[in-house]
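Please look over the sequence and the structure below before reading the briefing. The notes that follow take up charged side-chain pairs, and then a pair of strands.

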Amino acid sequence: MADAFEATIEEMARDIDQEVARVRETYAEYNAIEHTSRSKDGLVAVTVGTGGRLRGIELHPRVYRSLSPSELAEAIMRQAGLASAEVAERSRTLMAPLMPDTEHLDALFGEDPGLGPFLPGPATPAPREETR
């Protein structure tokens with residue numbers, strides 16, 4: 001009986017080790033996700049990684065003759081938004097199999113990520129009884 005118990009424990013330990021390895025691999029893939037979005041005219045390219053981290057901006061030399069400063073800023077923001085949306089979608093797809101509740105994936109990988117849906121509401125203390 002002890003042998004069967006030990007075999008079960010060893011099998012469970014192997015399963016846990018495999019899951020941990022899978023999570024580590026997925027996390028490494030997640031950290032490597034990035035996307036570059038280029039404007040149709042090829043003047044602006046923005047690369048964004050996970051967490052919305054800006055990883056690069058490429059500006060064609062003609063950009064300064066073609067766009068005003070405000071137009072350039074708008075073009076950079078537009079490409080950053082498109083790149084961020086693609087990174088968020090790839091992140092959702094990659095992480096979904098690891099999440100126990102895929103209903104809240106947008107809360108973690110959407111436009112405004114946060115832990116709100118995973119946390120309980122505010123704790124309201126019970127009213128104090130007055131002592132005399």
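**Salt bridges and a strand pair**

Arginine 90 has a relative accessibility of 35%, so this residue counts as partly exposed. The model in which arginine 90 sits is a predicted one, and a search of the whole structure finds six salt bridges. Three of these salt bridges are described here, among them the one that joins arginine 90 to glutamate 86.

**Salt bridges within helix H3**

- The side chains of arginine 90 and glutamate 86 meet in a salt bridge, with a distance of 3.1 Å from N to O.
- Both arginine 90 and glutamate 86 belong to helix H3, which covers residues 69-95, and they lie four residues apart, which is about one turn of the helix.
- Glutamate 86 has a relative accessible area of 30% and is therefore partly exposed, because partly exposed covers the range between under 20% and over 50%.
- Arginine 92 forms a salt bridge with glutamate 89, and the closest N and O atoms of this pair are 3.9 Å apart.
- Because arginine 92 and glutamate 89 are three residues apart in helix H3, about one helical turn separates them.
- Glutamate 89 has a relative accessible area of 39%, so glutamate 89 is partly exposed.

**A salt bridge between two strands**

- Arginine 55 and glutamate 34 meet through their side chains in a salt bridge of 3.0 Å, taken from N to O.
- This pair links distant parts of the chain, since arginine 55 lies in strand E3 (residues 54-59) and glutamate 34 lies in strand E1 (residues 34-38), 21 residues apart.
- Arginine 55 counts as partly exposed because its relative accessibility is 35%, and glutamate 34 counts as partly exposed because its relative accessibility is 36%.

**Threonine 47 in strand E2**

- Threonine 47 is found in strand E2, which runs over residues 44-49.
- With a relative accessible area of 10%, threonine 47 is buried, because buried means under 20%.
- Leaving aside residues up to four places away in sequence, threonine 47 touches Glu34, His35, Thr36, Arg53, Leu54, Arg55 and Gly56.
- Both partners of the salt bridge between arginine 55 and glutamate 34 are thus included in the list of residues that threonine 47 touches.

**How E2 and E3 pair**

- Strands E2 and E3 pair in the antiparallel sense, and this pairing extends over five bridges.
- Valine 44 has leucine 59, in E3, as its bridge partner.
- The hairpin of E2 and E3 has four residues between the strands, and in this hairpin glycine 51 takes a positive phi near 70°.

Definitions and conventions: Residues numbered from 1 in each chain as written. Predicted model: local features only at pLDDT ≥ 70, side-chain atom pairs only at ≥ 80, totals over all residues. Heavy atoms only, no water. Salt bridge = Lys/Arg side-chain N within 4 Å of Asp/Glu carboxyl O. Buried < 20%, exposed > 50% of the residue type's maximum accessible area, 1.4 Å probe, protein only. Contact = heavy atoms within 4.5 Å. Pairing = 2+ DSSP bridges.
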